[in-house]
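Student: Could you take me through one part of this model at close range, beginning with the contact between the chains and then moving to the strands? I would like a connected account rather than a list.

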Amino acid sequence: MITARRLLVLTLTICSLLMTGCWDALPVEKRIFATAIGLDWVPEQPHLTVTVIHPLMEEKRARENRVLTFRAHSFGEALAMLHHSSGQQLSLGVLSVIVIGRQAAEQPLSSFVNDLMAHPDLRLGAYVLVASGTAQELLAVTPPDHQRIAVHLRDVLHRAVRRSDAPATTLYDFVTHVMTPGADAITALLSPIGTLEHRPPPGQGAEGAGGGGQQAEGGGKNALPSPPPEDVQVVGAALWQGDTMVGELTLPMAQHVFVAMGIADAMLMKVLFAPDERFFPGGSVMTLSIEGARADWSLDLAEGRPHYTLRLDVRLSLHNYAGTVDLSKQENSELFEKIIASTFEQNMLEALQRLVSTGSDALSLGQLVRLKYPAEWDSKGWRDQLKTATFDVQTKVEIRNMGLQLLRLEPVDK
Amino acid sequence: MRVRNRLTSFQHGVLIIGALIANGIFSLPRVAAQDAGRSAWVVVAFAGLVLLIVALLSNRLASYFPEEDPAGWGLRLMGPIVGRVWLLLYFLKCCFFIVLTMRIFAAIITNRMLMHTPSSVLAGIVLLLSVLAAVIGISGLARFAEISFMVWLPFMLLVVATLLRGHLFHLQPVIGDTDLSALLAGAKSAAFSFAGFDILLFSYPHLEKPQNSARAVFWAMVFVTAIYTLTTVAALAFFGVEHLTRLLVPTLVMLSIAETSVIERFDSLALFMWLGMVVVTSGTQLYMGTRLIQGLIPKANFEKTAVFLGAFLLVSTWGETPLRRLITFADYFGTFDILFVTLSAVLLLPLAYFVNKRERRLGR
């Protein structure tokens, strides 16, 4: 009897526990499940333009309603306007991407981040990226059939991660880097192509403004047809200083920075080499597959000026070596490794100087100062001190795989 | 069928773990980092080791009275007046502990999951389940703790898994950028999360093999210290000290980042499953409170007293209190709790030794 009574109480308790959701019950049609949020800045008041992608509308393929846009003084105000105008409650639990327009990224974004993080239902794993134009343009791109733009953007970033073109910076990672002195965020820089007028001029290809697009030309008659254009592409990396974007890197430069960060495993790099009749008779652009990169940083501080030494240990494979030199011979491969190492060093120095000239510490170099010279560490003055930094890069390259054939496959005696 | 009121060593250990781990783990990394900075995990480990010693001393104290819990030996050890004051203070501590545990849990849920549900309803549910668990007795509590422990453990592994995504520089230097007084303040703050291990004083008389008690206490405390330390390391490496100190419940935020293709939001599931651990904590305190009333009023019936105490505490579930204020209050209360338990163990142990020796000499 006692057991039965206890069971009854227990059942009632569990039922009441499950029913507590009734207070918070909200029909699905009363909710907006945002999958992407865009943020743009305009010079006129109110400065912010907030774009919200609404997947339920998206399923109806009602293009004019798919993108909801609000002009407001703050992100919080835009959310309130959304709530009042639609009578729906915004859920950010399935948020895929946060797209920040270039001009908006160049403004301090603390208040936006604060308003966003105050939302009780927020997916912290959402990716943060910067649009080279406006977020509205990027989010208005028509994705491939049967895809949603937010999921598509996330897919683009995933592909970029696999190719190591760009780090997929999540919201929590972004916020941590925004807040930590001596460490800044680096996010992917994306541009719409294909369906809008932002398609890059012929010859630059999907790799953007860097040297990557020149391979097709350099390859001469062996050039492959250019791949079908993607509607959104990664064109480089946005550099942040605290909550403000202070510069950008082209994709080849960004790739070198990722090598310096030691996060470039399985990355494909197109590298432009100095002309060499022996090794590069047909063209001086080669695709290298980075199989492992170990970056060892050391620091010396002389009269308040940091000098960094980067020792790189790179293991790579050749993807499209088109020369006639027999690389299976040790003296040839050693010489070739030295050429690659030397090119790497030059490119790396250029990328690092470009990086620090913006005042962005995407490599967390300030943390080295804090750890090695705690007495000299000045978190507030670091951004100016960083600009005076000098670098020395020492690279050791090991070619792991030269391909199945030693020489070029071409018609013989005919 | 009556429940067999005997505990195995494993149940004893799990009961201590269940009594220790409740809401504190959600805010522990922040609380420790606010004082100790990057050395937060060191002070958490240090606090755990110090309280391990206190727990072993408490176990030794309990071993002098293998047939009784503090409700029985309190008056015998300290006399009728001091003993009653001590029992009353102990009882009040248990009541505050229950109120804070259920209120903080309810506030966390209404902050993150069920924003329109009155927190009094959730606090009331925790209290009701705690009464149910406590009424069954110590073995019922122990079995409930076993189930809750098994359900909860995988979620904690998710927290530790986030360590892989962190940056090691956030943890360096291990000690060096914080002075000793800040480290000690951090250890004191971290110690609050270890409150509740005094259940061993009450479970000791119910052990099948009392000689194994010290080992169970040792492993339970080491386990909890390891979980707390790893959680703090993961939170520090993941957020960095600047971000961490601005998060009210960083452990829950870490859980919210864990995603799989099947379950997108682990934090909601974890929070729901966490109810079991919270009920074990408040249930053990309710059990102790009820036993202490029995110590003050020997004729009081256990079950009726537990239900009455639960009904009395139901009043405290009324109203909404902001989570931040509750956590601030919990910090003050934690100082009292740890001080009370530590001083009791340290001061009563020699007293128990002499009383025990005298009673043995008198042939009692």
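**The contact and the sheet of chain A**

Tutor: In this predicted model, the contact draws 23 residues from chain A and 25 residues from chain B. On the side of chain A that touches chain B, at least two residues each are supplied by helix 1 (2-19), helix 2 (21-24), helix 10 (171-179) and helix 14 (365-372) of chain A. The largest share of that side, six residues, belongs to helix 1 of chain A. Sorted by class, the side of chain A that touches chain B holds 11 nonpolar, 10 polar and two charged residues.

Turning from the contact to the strands, chain A has an open sheet of eight strands, with mixed pairing and the order 4-3-2-6-7-8-9-10. Strand 4 and strand 10 (244-250) of chain A stand at the edges, and because each has a single partner strand, one side of each is left without a neighbour in the sheet. On average, and with direction ignored, neighbouring strands of this sheet are turned by 30 degrees against each other.

Strand 3 of chain A, residues 48-53, repays a closer look. This strand is mostly covered, six of its six residues being buried. In a regular strand the side chains alternate between the two faces of the sheet. In strand 3 of chain A, Leu48(A), Val50(A) and Val52(A) point one way, while Thr49(A), Thr51(A) and Ile53(A) point the other way, and all are buried.

The partners of strand 3 of chain A can be followed through one of its residues, Val50(A). Strand 2 of chain A, residues 36-41, runs antiparallel to strand 3 of chain A and is joined to it by six bridges, with Leu39(A) standing opposite Val50(A). The connection between strand 2 and strand 3 of chain A is a hairpin through six residues. Strand 3 of chain A also pairs with strand 4 of chain A, residues 67-72, in the antiparallel sense and over six bridges; here Val50(A) stands opposite Phe70(A) in strand 4 of chain A.

Elsewhere in the order, strand 6 of chain A (residues 97-101) and strand 7 of chain A (residues 127-131) run parallel and are joined by five bridges. Within this pair, Val97(A) has Tyr127(A) in strand 7 of chain A as its bridge partner. The mixed pairing of the sheet can thus be followed in the antiparallel run of strand 2 and strand 3 of chain A and in the parallel run of strand 6 and strand 7 of chain A.

Note on methods
Residues numbered from 1 in each chain as written. Chains lettered and ligands numbered in written order. Predicted model: local features only at pLDDT ≥ 70, side-chain atom pairs only at ≥ 80, totals over all residues. Contact = placed C-beta atoms within 7 Å. Helix = DSSP H or I, 4+ residues; strand = E, 2+ residues; numbered from the N terminus. Nonpolar A, V, L, I, M, F, W, Y, C, P; charged D, E, K, R; others polar. Buried ≥ 20, exposed ≤ 12 C-beta atoms within 10 Å, placed from the backbone. Pairing = 2+ DSSP bridges. Axes fitted to C-alpha atoms, helices over the stretch in contact; angles between N-to-C directions.
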